[in-house]
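Hi,

Here is the structure I said I would pass on. Have a look at it first, and then read my notes below.

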Amino acid sequence: MASVLVVEDDQFVRSALIRHLTDASHTVRSVGTALEALREVAHFRFDVVVLDLGLPDLDGSEALKMLRGITDVPVIIATARDDETEIVRLLNDGADDYLTKPFSVEHLSARMAAVLRRSRAAAGEAPPSRVIQVGGLSIDPLRRQAELDGAALDLTRREFDLLAFLAGRPGVVVPRKELLAEVWQQSYGDDQTIDVHLSWLRRKLGETAARPRYLHTLRGVGVKLEPPSDPQETPQTPRGTRP
């Protein structure tokens, strides 16, 4: 079954969704604010996010844009708002589906199943890919798996996309605009989004910006990934690796 993140501030609604989704054999995590949701998708892998718009700290439409900045996980909007103009805008902003409250759990389950079918079918259309090897890094784009010196890296979807894109161009300085366009599918955006993901990646690779091994930032130019210049150098203990 699916791994689901429920983002809902109403405790009664959230508890009901958790109970019914768990009964349907889904794995469920839940939060009540947009910032908590962003932290969750940055550190855990989900198959689908169910997002309420009426959140206490940030409007759900803004939360959707921020989610799309760090993950491509399917998002189903669940809200009492039923304005057609807003529905169209949310779908254009990256929502995969939309449910108007009140709705039955059966209806939500059917929408989730449809979204997951589309997501998995799209993933299945990817052409066969080779394993990318850069120094001690091994990246399999087809299986979406990455290892560092034989230890599996626990990466979010966007972290994996960024690492795989840079690893596919070893030694090449990639401009930030190109990263936004190719990894985030955005023609413009905030450089801080890239910096945050680079920071998370460096932590998991056991390096820092001050002492880089694989990831190198050229101020005002871009980012490159290349093998360590000194393979014998002992890296910091990586966070996010599995033996």
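**Notes on the sheet and one loop residue**

Val4 stands opposite Val48 in S3. That pair belongs to a wider match: strand S1 (residues 3-7) and strand S3 (residues 48-51) run parallel and are joined by four bridges. Bear in mind as you look that this is a predicted model.

Helix H1 (residues 11-23) packs on the sheet, where it touches S1 and S2. Its direction makes about 170° with that of S2.

As for the sheet itself, it is open and has five strands, in the order S2-S1-S3-S4-S5, with parallel pairing. At the edges you'll find strand S2 (27-31) and strand S5 (97-100), each of which pairs on one side only. On average, neighbouring strands here are turned by 20° against each other, if you ignore direction.

I also had a look at Val172, which sits in the loop between helix H6 (157-167) and helix H7 (176-182). Which residues does Val172 contact, leaving aside its neighbours within four places in sequence? They are Val223 and Lys224. Leu225 comes into the picture too: its C-alpha atom and that of Val172 are separated by 7.3 Å, though the two residues are 53 apart along the chain.

Is Val172 buried, exposed or something in between? Its relative accessible area is 44%, so Val172 counts as partly exposed, given that buried means under 20% and exposed over 50%.

Cheers

Technical notes. Residues numbered from 1 in each chain as written. Predicted model: local features only at pLDDT ≥ 70, side-chain atom pairs only at ≥ 80, totals over all residues. Heavy atoms only, no water. Pairing = 2+ DSSP bridges. Helix = DSSP H or I, 4+ residues; strand = E, 2+ residues; numbered from the N terminus. Axes fitted to C-alpha atoms, helices over the stretch in contact; angles between N-to-C directions. Contact = heavy atoms within 4.5 Å. Buried < 20%, exposed > 50% of the residue type's maximum accessible area, 1.4 Å probe, protein only.
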